[in-house]
Amino acid sequence: MSSVLVLDDVHVRYGGSHVLQGVSFEVPATGVTALLGRNGVGKTTTLKAVLGLAPRTGSVLLRERDIVREPTHRIVAGGIGYVPEDREVFGGLTVEENLRLVGPAEGADAAIVRELFPDLVQRRTQRAGTLSGGQQQMVALARVLLRENDLLLVDEPTKGLAPKLVTEVADVLARVAESTPVLLVEQNLPLVRRIADTVVVLDAGRVVHRGDARELVEDQALTQELLGVSMRREGAA
Ligand SMILES: Nc1ncnc2c1ncn2[C@@H]1O[C@H](COP(=O)(O)OP(=O)(O)OP(=O)(O)O)[C@@H](O)[C@H]1O
């Protein structure tokens with residue numbers, strides 16, 4: 001299977017702290033790849049290393065082009081969309097204004113927004129700061145989808161959301177992944193089981209497991225060993 005992204009021996013150091021210690025994995029050109037691991041193992045740092053937001057060495061190939069020396073703006077313009085963990089919507093701007101910052105011509109009228117986010121179209125004049133966490137997550141996702149992307153990096157999109165909204169965000173991601181591969185940092189194992197095809201597990205700055213998402217999530221002993229959690233304790237998505 002072809003890969004959209006290939007990391008080879010990627011290291012990140014912050015001062016004396018060696019956060020990524022030779023991370024190597026591939027993201028298939030289709031579907032959702034979930035990046036898993038306990039808190040603080042380097043998942044967000046891995047996304048930032050891909051984007052040039054963390055000081056990295058090694059090789060990062062996007063569609064076979066090495067981007068490790070490119071600045072972030074060029075990497076993003078070159079086809080990587082990023083939805084950071086804290087969503088970063090502009091609370092003082094309306095939904096429409098948030099969207100038009102990226103897609104000035106269309107905003108909430110874009111076909112992709114009307115198709116995947118009808119609720120946002122209804123709320124286009126509402127200030128983003130008054131939306132729920134789940135709705136803000138939808139704005140952050142919609143905004144990144146207003147551009148053509150070869151790959152999306154999405155960091156813990158369901159963190160802090162009520163179960164119903166977790167399901168809604170998962171459904172949107174599954175729809176998005178039908179056309180654009182997604183590298184997803186996610187702690188919710190039932191959700192990973194539902195929408196991810198491939199998993200990569202980090203521990204202490206290294207990849208400790210790669211494989212099929214369902215196989216991992218359904219193996220209680222392995223999820224316990226690698227993540228310190230298993231499906232039963234997490235509940236259903
Ligand atoms: N800018 C920074 N300067 C120094 N250390 C950092 C910086 N960013 C992250 N770290 C450290 O790197 C390690 C990995 O952090 P990272 O956020 O990548 O982990 P994570 O796996 O995404 O965790 P979480 O699930 O808690 O978000 C942590 O020990 C963190 O404190």
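**Exercise 1. Into which classes do the residues of the shell around the ligand divide, and how many are in each?**

Solution.
- Step 1: The shell divides into 3 nonpolar, 7 polar and 1 charged residue. Here Ala, Val, Leu, Ile, Met, Phe, Trp, Tyr, Cys and Pro count as nonpolar, Asp, Glu, Lys and Arg as charged, and the others, Gly among them, as polar.
- Step 2: Now name them. Around the ligand are Tyr14, Ser17, Val19, Gly37, Asn39, Gly40, Val41, Gly42, Lys43, Thr44 and Thr45. A residue is near the molecule if its C-beta atom, placed from the backbone, lies within 6 Å of it.
- Step 3: Two or more of these residues come from each of β2 (17-28) and α1 (43-51), and α1 gives the largest share, 3 residues. Helices (H or I, at least four residues) and strands (E, at least two) are DSSP runs, numbered from the N terminus.

A word on the model: it is predicted, so local features need pLDDT of at least 70 and side-chain atom pairs count only at pLDDT 80 or more, while totals for chains, interfaces and linings use all residues. Residues are numbered from 1 along each chain as its sequence is written.

**Exercise 2. How many residues of α1 are buried?**

Solution.
- Step 1: Recall the cut-offs: a residue is buried if 20 or more other C-beta atoms lie within 10 Å of its own, exposed if 12 or fewer, and partly exposed in between, with C-beta atoms placed from the backbone.
- Step 2: In α1, 8 of the 9 residues are buried. They are Lys43, Thr45, Thr46, Leu47, Lys48, Ala49, Val50 and Leu51.
- Step 3: Look just past the helix, where glycine 52 takes a positive phi of about 75°.

**Exercise 3. Why do the buried residues of α7 lie on the same side of the helix?**

Solution.
- Step 1: Find α7 at residues 163-176; its 14 residues reach 20 Å from first C-alpha to last, close to the 20 Å expected at 1.5 Å a residue. The expected span is 1.5 Å times one less than the number of residues.
- Step 2: The buried residues of α7 are Val166, Val169, Ala170, Leu173 and Val176. They share a side because they cover an arc of only 120° around the axis, taken from the directions from the helix axis to the C-beta atoms.
- Step 3: A general rule helps here: an α-helix has 3.6 residues a turn, so residues three or four places apart point the same way.
- Step 4: The cover over these buried residues includes β3 (32-36), α6 (133-145), β7 (151-155), β8 (182-185) and α8 (189-195).

**Exercise 4. Where does aspartate 197 lie, and which residues is it in contact with, leaving aside its neighbours within four places in sequence?**

Solution.
- Step 1: Aspartate 197 sits in the loop between α8 and β9 (198-203).
- Step 2: Aspartate 197 counts as partly exposed because it has 17 C-beta neighbours inside 10 Å.
- Step 3: Outside those sequence neighbours, its contacts are Gly31, Val32, Thr33 and Ala213; in contact means C-beta atoms, placed from the backbone, within 7 Å.

**Exercise 5. What sign does phi have at arginine 63 and at alanine 204?**

Solution.
- Step 1: Start from the general pattern: most residues other than glycine have a negative phi.
- Step 2: Arginine 63, in the loop between β4 (56-62) and β5 (65-66), has a positive phi of about 45°.
- Step 3: Alanine 204, in the loop between β9 and β10 (206-212), also has a positive phi of about 45°.

Methods:
Two residues are in contact if their C-beta atoms, placed from the backbone, lie within 7 Å.
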